[in-house]
Amino acid sequence: MRVSDARRVVFVHIPKTGGSTFDRMFDHDIADSRKVKGSQRHWTYQQIVDKEPGIADYWSVGFVRNPWARMVSWWAMGNDVHDRAEQGKPRAVRNVKGHPEVWEPFARYRGDFRAFVLDGTRAVERFGRPQLDWLTLADGRRVDFVGQVETFVDDVNTVRERLGLDPEPEQPRRNRSSHGHYSDYYDAEMRQRVAEVFAPDIEAFGYSFDDRSAVREQQG
């Protein structure tokens with residue numbers, strides 16, 4: 001998450017929705033980019049406002065992603081971090097040891113995407129949390145602008161225009177997934193489980209399993 005007081009804007013960072021790229025944009029292009037003191041990277045909009053109530057009046061933005069694609073990317077990231085930690089990669093080792101509350105749950109489902117979907121969405125609260133929860137306050141108010149990973153460049157440029165920044169023809173994605181197309185990872189039961197858990201996202205943002213925009217996002 002990032003805040004600019006000069007521009008009166010707050011960015012809510014949902015896991016695996018291009019947020020690292022967005023954080024970097026804030027830090028590079030906005031002089032007073034900051035984090036809320038004591039916050040964690042993936043705090044919800046409600047947690048941010050609870051910590052700093054004045055932020056409730058700022059223009060707010062977050063990004064979402066096709067839920068079926070997002071689950072594959074999230075699980076693959078957890079596998080990758082644990083693999084690199086076992087190889088002794090310093091950054092991965094620091095992550096796993098320094099933030100066990102984040103990374104230990106991934107270890108339970110390492111190499112088993114089916115269990116991640118069917119059991120993880122029940123056993124680990126954040127794995128089964130609709131993206132809409134990150135973006136909505138208790139009174140029902142949603143962030144002012146919801147971008148989508150599938151239309152990332154256009155939506156980032158919409159935000160840049162709002163912030164008084166020049167548009168960019170492309171947005172190099174950090175942490176881009178290296179796995180194959182998400183549809184190859186699912187059987188019917190897994191597909192239905194995601195549809196049930198993330199029904200609020202699917203209804204709010206018009207996603208479907210056979211989503212051509214998600215295909216384009218995976219390809220490029």
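A charge is taken to sit over a ring when NZ of Lys or CZ of Arg is within 6 Å of the ring centre and within 35 degrees of the ring normal. In this predicted model, arginine 70 fits that description: its charged end sits over the ring of tryptophan 74, 4.5 Å from the centre. Arginine 129 does much the same job of placement with tryptophan 134, its charged end sitting over that ring at 5.4 Å from the centre.

Rings also pair up with one another, and the count of aromatic pairs comes to 21. Take phenylalanine 106 and phenylalanine 116, a stacked pair with 6.2 Å from centre to centre and 20° between the planes. Phenylalanine 106 belongs to helix H5 (residues 100-107) and phenylalanine 116 to helix H6 (residues 113-123), so this pair ties together parts that are ten residues apart in sequence. Both phenylalanine 106 and phenylalanine 116 are buried. Phenylalanine 116 has a further partner in phenylalanine 127: the ring centres are 4.8 Å apart and the planes stand at 55°, so this pair counts as tilted. Here the link runs from phenylalanine 116 in helix H6 to phenylalanine 127 in the loop between H6 and helix H7 (131-135), distant parts of the chain eleven residues apart. Phenylalanine 116 and phenylalanine 127 are both buried as well.

Phe116 turns up again in the largest nonpolar core, which has 48 residues; it is listed with Ile48, Met71, Phe113, Val117, Leu135 and Tyr186 as having the most contacts inside that core. Helix H3 (residues 67-86) gives the most to this core, putting in eight residues. Leaving aside residues up to four places away in sequence, phenylalanine 113 touches Met71, Val72, Trp75, Tyr185, Tyr186 and Met190. Apart from this core lies another one, made of 15 residues, among them Ile30, Trp59, Val156 and Val159.

Aspartate 29 brings the description to polar contacts. This residue is placed in helix H1 (residues 19-29) and, with a relative accessibility of 23%, counts as partly exposed, because the buried class stops under 20%. Its side chain makes a polar contact of 2.6 Å with the side chain of histidine 28. Another polar contact, of 2.9 Å, joins the side chains of aspartate 29 and arginine 160. Aspartate 29 and arginine 160 are 131 residues apart along the chain, yet their C-alpha atoms are separated by 9.6 Å. With residues up to four places away in sequence not counted, aspartate 29 touches Arg160 and Leu165.

Definitions and conventions:
Residues numbered from 1 in each chain as written. Predicted model: local features only at pLDDT ≥ 70, side-chain atom pairs only at ≥ 80, totals over all residues. Heavy atoms only, no water. Helix = DSSP H or I, 4+ residues; strand = E, 2+ residues; numbered from the N terminus. Buried < 20%, exposed > 50% of the residue type's maximum accessible area, 1.4 Å probe, protein only. Contact = heavy atoms within 4.5 Å. Polar contact = N/O pair within 3.5 Å; in protein donor to acceptor, adjacent residues only side chain to side chain. Phe/Tyr/Trp six-rings, centres within 6.5 Å; stacked < 30°, edge-to-face > 60°. Core = buried A, V, L, I, M, F, W, Y, C linked by side-chain atoms within 4.5 Å.
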